[in-house]
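Work through the following exercises with the sequence and the model side by side, and try each task before reading its solution.

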Amino acid sequence: MSDWTDHPADHRAGQDPRPVPRSSPRVPPPSTRTAPLPGMPSPAAPGRYDGGSSHVRGGRGSRNPRRRAGRGRRYLRTAAVLSSLLLLGGAGTYVWADTRLNQEVDLGALGARVPAGEGTTYLVVGSDSREGLSEQDRKDLNTGSAEGRRTDSVILLHTGANGATMLSLPRDSWVTLPSYVDPGTGRSHRAAPDKLNAAFSLGGPDLLVRTVERNTGVRVDHYAEIGFAGFVGVVDAVGGVDLCLDKAVRDEDSGADLPAGCQTLDGAEALAFVRQRKQEAQGDLGRTRNQQRFLAALARKAATPSTLADPSKSFPTLDAGLDTLIVDEGTELPDLMGLFEALRKATGGGGRRLNVPVADPDLRTSKGSAVKWDDRRARALFDALREDRPPG
């Protein structure tokens with residue numbers, strides 16, 4: 001995909017692309033700026049290019065009139081969330097949950113970004129972080145012992161006046177990584193083509209957000225990431241997720257060993273199912289479809305009255321979800337509730353679950369097999385998300 005950052009909205013200092021441990025002080029690294037690759041076309045994306053302040057709460061830049069117009073709706077949503085939590089366990093529950101949020105991603109310090117669009121867009125990432133897993137857990141869940149974090153799923157979740165859309169971006173997508181500075185060596189790296197997953201492994205959430213924005217032209221308003229332990233905990237907390245399989249699923253790498261037919265998957269089985277791709281005819285694309293299908297089933301289960309009204313399920317679900325959840329500094333509980341509501345809508349009958357249009361699912365590159373997007377169709381889809389129009 002060609003560069004989308006021809007008209008940078010900000011010139012703020014960059015940030016160490018690796019996540020900073022909560023116990024360590026945040027030290028700003030040298031400034032970075034995205035630049036187009038030599039010889040690559042850089043068409044100006046249609047839509048608004050107004051200097052683009054972030055939608056995150058407390059973000060810098062010019063004020064957005066739509067934020068003021070939507071402030072009343074935000075207060076109402078906050079009131080609804082607070083009321084629900086009061087019913088479940090008192091105001092202390094809200095305070096407890098709010099203080100548990102790990103807001104370690106600063107979207108306001110990413111430097112040059114694409115302008116803000118209409119509606120709200122979340123970047124939802126499932127990472128292979130093993131934080132919170134014991135050695136026995138890692139063995140039981142077939143996660144291996146690799147340290148660090150890589151993406152297992154990357155999803156743009158958009159919500160606005162025209163409903164909700166869940167758009168999966170294969171982690172092997174062949175994209176252009178923006179320039180960045182390696183915090184370990186101080187070495188500067190120029191913009192270069194690579195797999196989408198490389199952005200996360202090389203620079204964590206910061207570089208991943210910049211990469212997604214550069215290659216899609218869609219502004220990320222909120223970031224949310226959950227690791228293996230949190231995923232397993234949420235599934236187990238709701239009592240498992242019901243899923244019907246047309247054929248048996250067996251994958252030695254992920255540990256999946258599921259018979260054909262309808263069944264209830266526990267956390268470990270669910271993790272193995274969404275990670276497997278070896279028996280999928282379309283590899284990474286098949287895996288993204290399985291992930292969307294499972295998230296739809298999980299959203300249905302989590303939204304049932306029996307789950308919401310049962311503190312023995314609702315509290316553990318909230319606790320497990322917050323356990324390995326990482327969000328941006330502007331995300332608070334009302335924003336998370338907005339994400340969950342968008343997920344429920346996108347996976348329901350009135351929502352849309354899409355994969356990015358692909359021209360070649362097995363593109364041969366210097367980094368191995370990759371997924372090449374269909375530029376024309378992908379651009380049309382990204383334009384629709386940015387302008388809050390129904391895709392297609």
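**Exercise 1.** Determine which residues Ser 153 is in contact with, leaving aside its neighbours within four places in sequence.

*Solution.* Begin with the strand: Ser 153 is found in β3, which covers residues 151–160, where strands (E, at least two residues) and helices (H or I, at least four) are DSSP runs numbered from the N terminus. Next, apply the contact criterion, heavy atoms within 4.5 Å, which yields Val 124, Val 125, Gly 126 and Gln 291 as the partners of Ser 153. Finally, Ser 153 counts as buried because its relative accessible area is 14%, the classes being buried under 20%, exposed over 50% and partly exposed in between, with a 1.4 Å probe and protein chains only.

This is a predicted model, in which local features need pLDDT of at least 70 and side-chain atom pairs count only at pLDDT 80 or more, while totals for chains, interfaces and linings use all residues. Residues are numbered from 1 along each chain as its sequence is written, and side-chain values use heavy atoms, with hydrogens and water left out.

**Exercise 2.** Establish how many residues of helix α6 are buried, and what follows the helix.

*Solution.* Helix α6 spans residues 228–237, and eight of its ten residues are buried; among them are Phe 228, Phe 231, Val 234 and Ala 237. Just after α6, Gly 239 adopts a positive phi of about 85 degrees.

**Exercise 3.** Place these details within the whole protein.

*Solution.* The protein has twelve helices and 17 strands, and buried residues make up 53% of its 392 residues. Of the contacts with a separation of 6 or more, 72% join residues 24 or more positions apart.
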